[in-house]
Amino acid sequence: MILKAVLSCFLLSPLVSALTDQQEVKVKPEQDVALQCRAPRGSSITLVEWNRADLKSDGYVFFYRNKRSYDNFQHPSFHGRVKLRDPEMKDGDASVVLMKVSVNDTGTYDCQIIVVDAGRAEATPPEIKHLIRLTVTDPDGNVWSGVNVAAAAVGSLVVVVVVVVIVVVVCRKCKRGGWMA
C-alpha cells in the first residue's frame, strides 16, 4: 500500500508541478493572443475548461468535452473570439487563441484539463491546471482594465458637466446684463 502511494507520487509529479504553472502575458488592444496550456504528450484529453475568476458562474471562456467545443457554455463576451490553437490538440496542446483583445479581457485565466492516460490503472483521471495573467496595455505600455476605463469615463463626464454648468451660468449672467452693466 505504501509502495503504491510512493509510486503514484513519483508518476504524478509532472502533473503536480503543472498545478503551479503560471505565466504572465502582455498584449495591446485589438491583437490576438495565445493562452498556453498543455497536457503531457501521449495523454488523451477528455475535458478542457478555460475560465476567468471574475466571470464567476456566468460561463466559460472556452469549454471542450468529448472531442468537441461547446459554445453554449461560453460567456457572451467571448462568443466568436476564442478557438483552440490546434483543433486536434496534438502533443497535448490545449492552448486557445483569444482574438481582438480589449481592456476588458485583462485578468487571470485558468486552464483545467482532464486526461485519460492508458498507462494508469486508477479510475480517477489526473487533472492539470495552468494559470495565465493576461494584461492588456495601451501603446505607451500603460496597464488598463475595465475598472480603469470606467473611472476615466466617469471622470470625463464630470468635467463635461462642470463645463456645461459654467457655460449656462455665464450665458444667463450675460443675458441679464449682470456682467456687462
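Here a visitor and a guide talk through how the terms used for this predicted model apply to its residues.

Visitor: What should I know about the model before we start?
Guide: It is a predicted model, in which local features need pLDDT of at least 70 and side-chain atom pairs count only at pLDDT 80 or more, while totals for chains, interfaces and linings use all residues. Residues are numbered from 1 along each chain as its sequence is written, and side-chain values use heavy atoms, with hydrogens and water left out.

Visitor: How many helices and strands does the protein chain have, and what makes a run count as one?
Guide: The protein chain has 2 helices and 10 strands. Helices are DSSP runs of H or I with at least four residues, strands are runs of E with at least two, and both are numbered from the N terminus. The order is α-β-β-β-β-β-β-β-β-β-β-α.

Visitor: What share of the protein chain is buried?
Guide: Of its 181 residues, 34% count as buried. Buried means under 20% relative accessible area, exposed means over 50%, and partly exposed lies in between (1.4 Å probe, protein chains only).

Visitor: Why is phenylalanine 63 called buried and tyrosine 60 partly exposed?
Guide: Phenylalanine 63 has 5% relative accessibility, which is under 20%, so it counts as buried. Tyrosine 60 has 23%, between 20% and 50%, so it counts as partly exposed.

Visitor: How many aromatic pairs are there, and what makes two rings a pair?
Guide: The count comes to 5 aromatic pairs. Rings of Phe, Tyr and Trp (its six-membered ring) pair if their centres lie within 6.5 Å; planes under 30 degrees apart count as stacked, over 60 as edge-to-face, and the rest as tilted.

Visitor: Why is the pair of tyrosine 60 and phenylalanine 63 called tilted?
Guide: The ring centres are 4.8 Å apart, within 6.5 Å, and the planes are 35° apart, neither under 30 nor over 60, so the pair is tilted. Tyr60 and Phe63 also belong to one aromatic cluster with Tyr70 and Phe73.

Visitor: What makes phenylalanine 78 and tyrosine 109 an edge-to-face pair?
Guide: Their centres are 6.4 Å apart, within 6.5 Å, and their planes are 85° apart, over 60, so the pair is edge-to-face. The pair links distant parts of the chain, 31 residues apart: phenylalanine 78 is in the loop between β5 (68–69) and β6 (82–84), and tyrosine 109 is in strand β8 (residues 107–116). Phenylalanine 78 and tyrosine 109 are both buried.

Visitor: How do you know that the charged end of arginine 68 sits over the ring of tyrosine 70?
Guide: A charge sits over a ring if NZ of Lys or CZ of Arg is within 6 Å of the ring centre and within 35 degrees of the ring normal. The charged end of arginine 68 is 4.0 Å from the centre of the tyrosine 70 ring. The charged end of arginine 65 sits over the ring of tyrosine 70 too, 5.4 Å from its centre.

Visitor: Why do aspartate 105 and arginine 81 count as a salt bridge?
Guide: A salt bridge is a side-chain nitrogen of Lys or Arg within 4 Å of a carboxyl oxygen of Asp or Glu. The closest N and O atoms of aspartate 105 and arginine 81 are 2.8 Å apart, so the pair qualifies. Aspartate 105 lies in the loop between β7 (96–98) and β8, and arginine 81 lies in the loop between β5 and β6, 24 residues apart. Aspartate 105 is buried at 2%, and arginine 81 is buried at 16%.

Visitor: Which other side chains meet in a salt bridge?
Guide: The structure holds 5 salt bridges. Among them, aspartate 54 meets arginine 52 at 2.6 Å, N to O, and arginine 85 meets aspartate 93 at 3.1 Å, N to O. Aspartate 54 is partly exposed at 46%, whereas arginine 52 is buried at 8%.

Visitor: Why is glutamate 30 called exposed?
Guide: Its relative accessibility is 56%, over 50%, so glutamate 30 counts as exposed. Glutamate 30 lies in the loop between β1 (21–27) and β2, and it has a positive phi of about 75° although it is not a glycine.
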